[in-house]
Amino acid sequence: MSDEVLVEESGGVATITINRPKARNAINGAVARGIAEALDALEARPDVAAYVLTGAGGYFSAGMDLKGFLTGDLPVVEGRGFGGIAEAPPTKPIVAAVEGYALAGGFELALSCDLIVASAEARFGLPEPKRGLVAGAGGIMRLPRRIPYHVAMEIALTGEHYPAARLYELGLVNRVTPAGGALESALELAGRIAGNAPLALAATKRVIIESQDWAVDEMFAKQGEIIHPVFVSNDAMEGAAAFAEKRAPRWTGR
């Protein structure tokens, strides 16, 4: 793992930190590869059930490193896309902890996550058109699926910055914290998620994402294909036994 991406683990939660604070955590090739490598390693770890993605130094990410872009240092990883995550988010739940700026590709990284916790001082935006570019890392596809169409159009076409409070009103941000409190709140949320059964978490996330494109007459059949293995798993038996015995469950991911 490079110095541009740091990974810490505690209580079943892995925190992935973009560590380029002097560049406002702009995403370059090293960051993209670091995030991809971290996720590739952590996805196979049964002791890690959830992730938090954040940035160092009071910033989430100001987006793609434009200086690197000019020299051909593209922040794209084959199979995972921009930032090592945009085209292939992890199967496990991931929470974005946003302080400062989440702009352009930084906003798109947050949109690649399943939940967003933001500081009251955080600012979001897709300013690519101001630089002659297009938000091509999922932002203009994901945003109108999560907030009203006309508001998504405003954000994408004006390129302006929007406060966390506004995105909380729209349901895009899960929690707004005092300045400096986003990571702590995100870790608490991820910890509550990580206390649940890993197979159930992965199946639940998959159904929520994939069912958006399912036809009504096939949705329960498709859901059944995903969730049936969960109901016959060792963890399902353990959950029932733990409830009956009034104890905490001991998940194995099997």
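This is a short spoken tour of one protein, from its overall build down to a few single residues.

Hi everyone, and thanks for coming. Before we start, please keep in mind that what you see is a predicted model. I'll begin with the whole chain, move inside, and then stop at some residues.

So, what is the protein built from? There are 10 helices and 11 strands. Along its principal axes, the C-alpha trace spans about 60 × 45 × 35 Å. The radius of gyration is 19 Å, which agrees with the value near 18 Å that a compact globule of 254 residues would have. Of those 254 residues, 46% are buried. The exposed surface comes to about 12900 Å², and carbon and sulfur atoms supply 56% of that. Here is one more number for the overall picture: take the contacts with a separation of 6 or more, and 65% of them are between residues 24 or more positions apart.

Now let's go inside. The largest nonpolar core has 44 residues, and those with the most contacts within it are Ile35, Val98, Phe107, Phe124 and Leu143. Several elements each supply at least two residues of this core, among them strand 2 (13-18), strand 3 (50-55), strand 6 (94-98), helix 3 (105-111) and helix 5 (149-158). Which helix gives the most to this core? That is helix 1, with 5 residues. If you'd like to find helix 1 on the screen, look at residues 29-43.

Let's stay with Ile35 for a moment. Leaving out residues up to four places away in sequence, Ile35 touches Val5, Ile16, Ile18, Leu53, Gly83, Gly84 and Ile85. There is also a second, separate core, which has 15 residues and includes Val52, Ala97, Ala182 and Ala186.

Next, please look at helix 7, residues 182-194. I picked two residues here. One is Ala190, in helix 7. Is Ala190 buried or exposed? Its relative accessibility is 0%, so Ala190 counts as buried. Beyond its neighbours within four places in sequence, Ala190 is in contact with Val13, Ala50, Tyr51, Val52 and Val95. Take Val13 from that list: Ala190 and Val13 are 177 residues apart in sequence, yet their C-alpha atoms are 6.6 Å apart in space.

The other residue is Ser185, which also has its place in helix 7. With a relative accessible area of 15%, Ser185 is buried. Setting aside residues up to four places away, Ser185 touches Val117, Arg175 and Thr177.

Let's turn to the aromatic rings. How many aromatic pairs are there? The count comes to 2. In one of them, the rings of Tyr59 and Tyr101 have their centres 6.1 Å apart and their planes at 15°, so this pair is stacked. Tyr59 sits in the loop between strand 3 and helix 2 (66-70), while Tyr101 is in strand 7 (residues 101-103), so the pair ties together parts that are 42 residues apart in sequence. As for exposure, Tyr59 is partly exposed, with a relative accessible area of 23%. Tyr101 is partly exposed too, at 26%.

Tyr101 also leads us to our next stop, Arg123, which is found in strand 9 (residues 123-125). Not counting residues up to four places away, Arg123 touches Gly100, Tyr101, Ala102, Leu103, His161, Tyr162, Pro163 and Ala164. A polar atom of the Arg123 side chain lies 3.4 Å from the backbone oxygen of Glu121. Arg123 counts as partly exposed, at 31% relative accessibility. And for a sense of distance, the C-alpha atoms of Arg123 and Val95 are separated by 17 Å, with their positions 28 residues apart along the chain.

Finally, a word on the backbone. Most residues other than glycine have a negative phi. Arg24, however, has a positive phi, near 50°. Arg24 is found in the loop between strand 2 and helix 1, and at 39% relative accessibility it counts as partly exposed. Lys246 has a positive phi as well, near 55°. You'll find Lys246 in the segment after helix 10 (234-244). At 78% relative accessibility, Lys246 counts as exposed.

That's the end of the tour. Thanks for listening, and I'm happy to go back to any of these residues with you.

Notes. Residues numbered from 1 in each chain as written. Predicted model: local features only at pLDDT ≥ 70, side-chain atom pairs only at ≥ 80, totals over all residues. Heavy atoms only, no water. Core = buried A, V, L, I, M, F, W, Y, C linked by side-chain atoms within 4.5 Å. Buried < 20%, exposed > 50% of the residue type's maximum accessible area, 1.4 Å probe, protein only. Helix = DSSP H or I, 4+ residues; strand = E, 2+ residues; numbered from the N terminus. Contact = heavy atoms within 4.5 Å. Polar contact = N/O pair within 3.5 Å; in protein donor to acceptor, adjacent residues only side chain to side chain. Rg over C-alpha atoms; globule rule 2.2 N^0.38 Å. Areas by Shrake-Rupley, 256 points an atom, 1.4 Å probe, with all protein chains shown as cover. Phe/Tyr/Trp six-rings, centres within 6.5 Å; stacked < 30°, edge-to-face > 60°.
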